[in-house]
2 protein chains.
Amino acid sequence: MAVTLKEVAERAGVSRSAVSRTFTDGASVSDKMRRKVEKAARELGYSPNALASSLTTGRTKLIGLVSNNFHNPIFLEVFDLFTRGLQDRGLRPLLVNLTDETDPEASVRMLRQYSVDGVVVASSTLPPGFAKAFRDAGVPVVHSFGRYSSAPQVHVVGIDNVECGRMAAQTLIARGYTHMAFMGGPEDATSTQDRFTGFMSEMTKHPDIQTTYSFAEAYSFDAGRKEMLRLIDASPAQAYFCGDDVLSIGALSAIEDSNLRVPEDIGIIGLNDMEMARWENIDLTTIHQPIRQIVTSSIELMVAMLNEPDRYPEARIFPCSVVERGTLRPAP
Amino acid sequence: MAVTLKEVAERAGVSRSAVSRTFTDGASVSDKMRRKVEKAARELGYSPNALASSLTTGRTKLIGLVSNNFHNPIFLEVFDLFTRGLQDRGLRPLLVNLTDETDPEASVRMLRQYSVDGVVVASSTLPPGFAKAFRDAGVPVVHSFGRYSSAPQVHVVGIDNVECGRMAAQTLIARGYTHMAFMGGPEDATSTQDRFTGFMSEMTKHPDIQTTYSFAEAYSFDAGRKEMLRLIDASPAQAYFCGDDVLSIGALSAIEDSNLRVPEDIGIIGLNDMEMARWENIDLTTIHQPIRQIVTSSIELMVAMLNEPDRYPEARIFPCSVVERGTLRPAP
DNA sequence: AAGCATTTTGCAACCGGTTGCAAAAATGAT
DNA sequence: ATCATTTTTGCAACCGGTTGCAAAATGCTT
């Protein structure tokens, strides 16, 4: 079907090596030869087979992009940034959607079968062990949005979720709330656990402030709404640190429907600062997660690892900051 | 680095063909042989190189998934469905993000270099010519969410946007509005053009109803909000058919901020029925686009084409339907 | 136990490229 | 024009698999 190197060589009346060399940069070819080959290639509509060459070069320029977050709008931004960033460096994202049913082992195997040069795990909910499976298989891996650790086993790029929890608590404290709560995402997500830890660690410094907590079933609108409806039905706190922005928006919807006002009756602070958070009809106060930087840095790290596979694992942590909008009452 | 077929063969004390055969189903291998090989493979941690085998079989099981919609939340649902659907059939999505800057030619070339078995173009804004470029390059292609044509040049799966425009117009007419408008997405998107055509064709049957139209710059919240603010500043219509749901939500935000009520002062009907449309704080009346069916059907069509490359191009069009929620006043 | 049909196995060529090495060609110095 | 040096080119082996074909092994019949 497709035109091969051999055909071009025959047409140009040169050896196959010569053709190969004109298409690999850095190889030694005379101008005359190059012109001859390029002419023949053009006439035949030849373009080299990247997969065949990967056999000898050992490089496919394929990068596995693994995620299980196909329901959180922020990940559309993440995929956008990743695909563009990788493309710009001549790398190709092979997308893997890790659902609850898919066997993690199977995806490791599959990505190895396709000889990906590296793997980016983009998820804030997967345990560190998942990314480690790739490392153990000898595949360079970066865990983006992964759990921060002072002794990382694999490269991690993300934020310090414990610190974010602390920051949220401090923000609420500064607003003078006397009863506040943590409404987390799924309890088994590492990001939920860490944010919870940080939040609580700060609150223990303020025993006078009443603190409660609960967890939603998922990082989703429905889960946030459902949980907030339940909380309102009991006796709600004055302000909530919600697991993330989608959850916050679900909570806001519940509050609105219960004829309570934001921020007067209940205050909300989210986390992520996704595009939607600044939509005027949402106007969510939230903690900004610098996803652009995280993605860029992840890609840089990946590129660095391709050249230096045994690079010592490092954690790259980016600072977050509170974005003041309309869902928290002003400081007294 | 990785374990190869040859090593397994040596360890098991058999020929390379034998190893190859145990890993290709349908090949003739005795049980004894299979056990021997599998044992050796297990001990060595061998898994076959999919790319190397593609060289001889001519199949990579790689499917290019090309899109330029990385800002519309509905496409996260689309990517979710596509990746899962493809995975379930043993196919791997190679994601291509087509930005304004990327040369379409280049992506065609790139996907050919990676010998993808087929390409899915998932976009409602790309011209049919783009998908055709793949067909001309001899690559099976399906254009999902593409423009409906009675004489399609490539396989198209989607909706009849003209019909949707008509349906929107009819819905507004039935509500007894006397001044209504079309607020489209970007004017050069085929979906915008078709919805406009349909909308207008219906309105010409009702010369008594005042009809106006305008276009937003993109299918985005900001564009919708901006355009609606502009319209409100002039003299707004009683009801709008907005290009899609995100645009509608932007419009809703503008209306709210202008202290006008929905649906009393201004009615809105969107298109897509994305997840967010049913969020209680949005509650958008919209035209449901059956994306699940479109994606499923696209994948089925792709699989069919892999077995029968010269399949005659067909258009698969799925019916849409109005989903009544809270942004249009009830019929009189 | 021999004869035949059937299944299993290995050989070797091939898929579409790359690359080390040595021969050939071009360049430069004298 | 000669020779040493550098650059360019082709040969041939290899990357990790698959597959048609013929030989070897097995199963079945009588």
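The legends below describe close-up views of a predicted model with protein chains A and B and DNA strands C and D.

**Conventions for every view.** Residues are numbered from 1 along each chain as its sequence is written, and chains are lettered from A, with ligands numbered from 1, in the order in which they are written. Because this is a predicted model, local features need pLDDT of at least 70 and side-chain atom pairs count only at pLDDT 80 or more, while totals for chains, interfaces and linings use all residues; side-chain values use heavy atoms, with hydrogens and water left out.

**View 1. The protein surface near DNA strand D.** A residue is called near a strand if one of its heavy atoms lies within 4 Å of it, and of the 26 residues around DNA strand D, those that come nearest are A:Arg21, A:Ser30, B:Leu5, B:Arg16 and B:Ser20. Among the atoms of this strand within 4 Å of the protein, 60% belong to sugar or phosphate, and the rest belong to bases. Polar contacts, which are pairs of N or O atoms within 3.5 Å (within protein, one atom must be able to donate a hydrogen and the other to accept it, and residues adjacent in sequence count only if both atoms are side-chain atoms), reach both bases and backbone here: a polar side-chain atom of A:Arg21 lies 2.7 Å from a base oxygen of DNA strand D, and a polar backbone atom of B:Asn49 is 3.2 Å from a phosphate oxygen of DNA strand D. The elements giving two or more residues to this surface are helix H2 (16–23) and helix H4 (50–57) of chain A, together with helix H2 (16–23) and helix H4 (50–57) of chain B; helices (H or I, at least four residues) and strands (E, at least two) are DSSP runs numbered from the N terminus. The largest share of the surface near DNA strand D, five residues, is supplied by H4(B).

**View 2. The protein surface near DNA strand C.** Around DNA strand C there are 27 residues, of which the closest are A:Leu5, A:Arg16, A:Ser20, B:Arg21 and B:Ser30. Of the strand atoms within 4 Å of the protein, 59% belong to sugar or phosphate and the rest to bases. An N or O atom in the side chain of A:Ser20 is 2.2 Å from a phosphate oxygen of DNA strand C, a polar side-chain atom of A:Thr56 lies 2.8 Å from a sugar or linking oxygen of DNA strand C, and a polar side-chain atom of B:Ser30 lies 2.7 Å from a phosphate oxygen of DNA strand C. Here the largest share of the surface, five residues, comes from H4(A).

**View 3. The pairing of chain A with chain B.** Counting contact as heavy atoms within 4.5 Å, 51 residues of chain A are in contact with 51 residues of chain B. The two chains bury about 4700 Å² between them, 60% of it on carbon and sulfur atoms, where buried area is the accessible area (1.4 Å probe) that two parts lose on being put together, summed over both. More than any other three residues, A:Leu51, A:Leu76 and A:Tyr114 contribute to the area that chain A buries against chain B, supplying 15% of it.

**View 4. Helix H1 of chain B.** In this helix (residues 5–12), B:Val8, B:Ala9 and B:Ala12 are buried, a word that means under 20% relative accessible area, whereas exposed means over 50% and partly exposed lies in between (1.4 Å probe, protein chains only). Seen down the axis of H1(B), the buried residues fall within an arc of 100 degrees, so they line one face of the helix; the arc is that of the directions from the helix axis to the C-beta atoms. Their cover includes H2 and helix H3 (31–44) of chain B, and H1(B) is followed by B:Gly13, whose phi is positive, near 70 degrees.

**View 5. The surroundings of B:Thr285.** B:Thr285 lies in the loop between strand S9 (267–272) and strand S10 (286–288) of chain B, and it counts as buried because its relative accessibility is 0%. A polar atom of the B:Thr285 side chain lies 2.9 Å from the backbone nitrogen of B:Arg325.

**View 6. The exposed residue B:Asp188.** B:Asp188 is placed in the loop between strand S6 (179–184) and helix H9 (190–203) of chain B, and at 63% relative accessibility it counts as exposed. Leaving out residues up to four places away in sequence, B:Asp188 touches B:Thr125 and B:Gln193.
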